[in-house]
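Here are my notes on the model you sent round. Please read them with the structure open beside you.

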Amino acid sequence: MKVSEADILIVPGYTNSGPDHWQTRWQQKLSTARRVEQEAWAKPVREDWVARMVEAVNEAERPVVIVAHSLGVATAIQAVPQFTRPIAGAFFVAPPDVANPEIRPRHLMTFGPYPRDPLPFPSITVASRNDPFGAYEHAEDMANAWGSFLVDAGESGHINAESGHGPWPEGTMVFAQFLSRLKG
């Protein structure tokens with residue numbers, strides 16, 4: 001699949017993805033990419049975020065490719081049962097452990113637990129071994145449940161601008177390869 005054949009939905013997490021974040025950079029470079037905007041980035045409400053996600057997918061004119069980071073992963077996963085448009089694939093990065101009471105801020109737990117049903121579309125989950133918002137083992141468990149291909153990002157923190165992943169060339173390469181294997 002080519003970029004021009006898909007509606008690429010950028011799904012940021014808690015507090016949105018700033019100008020230096022890889023998601024923002026990808027959105028600027030990918031001609032068919034658009035962000036799933038949330039009304040309250042700093043006070044996420046699961047029902048509102050999921051509704052925005054469902055709306056964005058169901059309005060799509062082409063097969064959808066989801067590019068979700070952090071709480072955006074939880075949002076996308078919780079929204080799957082309500083999608084009426086085809087999802088060509090999903091690229092999940094740094095899924096937080098939304099069932100862990102040690103994770104802050106605590107209201108992120110309202111996005112859990114994750115459904116464990118296999119996803120009805122191909123996906124990749126990229127996880128770090130030292131992500132402060134979710135253990136690698138948790139991401140591995142979820143990826144296995146979803147039938148998602150797991151990519152070990154090593155010790156990469158939360159895979160965001162703060163951890164040095166503004167320009168994220170490794171992620172770009174993995175995404176490009178994933179996209180090339182998808183069917184519309």
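**Notes on the central strands, the pockets and the odd backbone spots**

1. β4 and β5 are paired in the parallel sense, over four bridges. Within that pairing, Val93 stands opposite Val126 in β5. Keep in mind throughout that this is a predicted model.

2. β5 has a second partner. Four bridges join β5 to β6 (residues 149-152), and these two strands also run parallel. Here Ile124 stands opposite Phe149 in β6.

3. Is β5 buried or exposed? Five of the five residues in this strand (residues 123-127) are buried, so β5 is largely enclosed by the rest of the structure. Ser123, Thr125 and Ala127 point one way, while Ile124 and Val126 point the other way. That fits the general pattern: in a regular strand, side chains alternate between the two faces of the sheet. The residues on both sides of β5 are buried.

4. Look next at Ser70. Ser70 sits in the loop between β3 and α3 (71-79). Its relative accessible area is 9%; the cut-off for buried is under 20%, so Ser70 counts as buried. What does the side chain of Ser70 make a polar contact with? The partner is the side chain of His158, at 2.9 Å. Leaving aside residues up to four places away in sequence, Ser70 touches Gly13, Val93, Ala94, Pro95, Pro96 and His158.

5. His158 turns up again at the largest pocket, which has a volume of about 280 Å³. This pocket is lined by 18 residues, and those closest to its centre are Tyr14, Thr15, Asn16, His158 and Asn160. By class, the lining has six nonpolar, 10 polar and two charged residues.

6. The second largest pocket holds about 180 Å³ of space. Its lining comprises 14 residues, with Arg25, Trp26, Lys29, Leu30 and Thr172 nearest the centre. By class, these split into 10 nonpolar, two polar and two charged residues.

7. Which helix gives the most to the lining of the second largest pocket? α5 does, with five residues. Both α1 (22-29) and α5 (169-181) supply at least two residues each.

8. α1 also faces inward in part. Trp22, Gln23, Thr24 and Trp26 of this helix are buried. The cover over the buried residues of α1 includes β1 (7-11), β2 (33-35), β3 (64-69), β4 (87-93) and α5. Note that Trp26 is also among the residues nearest the centre of the second largest pocket.

9. Three backbone spots deserve a look. As background, most residues other than glycine have a negative phi, and most peptide bonds are trans. Asn16 is not a glycine, yet has a positive phi of about 75°. This residue is in the loop between β1 and α1. At 24% relative accessibility, Asn16 counts as partly exposed. Asn16 is also one of the residues closest to the centre of the largest pocket.

10. Ile159 likewise has a positive phi, of about 50°, and is not a glycine. Ile159 lies in the loop between β6 and α5. How accessible is Ile159, and what class does that give? Its relative accessible area is 0%, so Ile159 is buried.

11. The last spot is a cis peptide bond, from Gly112 to Pro113, with omega near -10°. Pro113 has its place in the loop between β4 and β5.

Terms used
Residues numbered from 1 in each chain as written. Predicted model: local features only at pLDDT ≥ 70, side-chain atom pairs only at ≥ 80, totals over all residues. Heavy atoms only, no water. 1 Å grid on protein atoms, 1.4 Å probe; cavity = no way out; pocket = protein on both sides within 12 Å on 5 of 7 lines; lining within 4 Å. Points joined across faces, edges and corners; volume = space filled by probe spheres on them. Nonpolar A, V, L, I, M, F, W, Y, C, P; charged D, E, K, R; others polar. Buried < 20%, exposed > 50% of the residue type's maximum accessible area, 1.4 Å probe, protein only. Contact = heavy atoms within 4.5 Å. Polar contact = N/O pair within 3.5 Å; in protein donor to acceptor, adjacent residues only side chain to side chain. Pairing = 2+ DSSP bridges.
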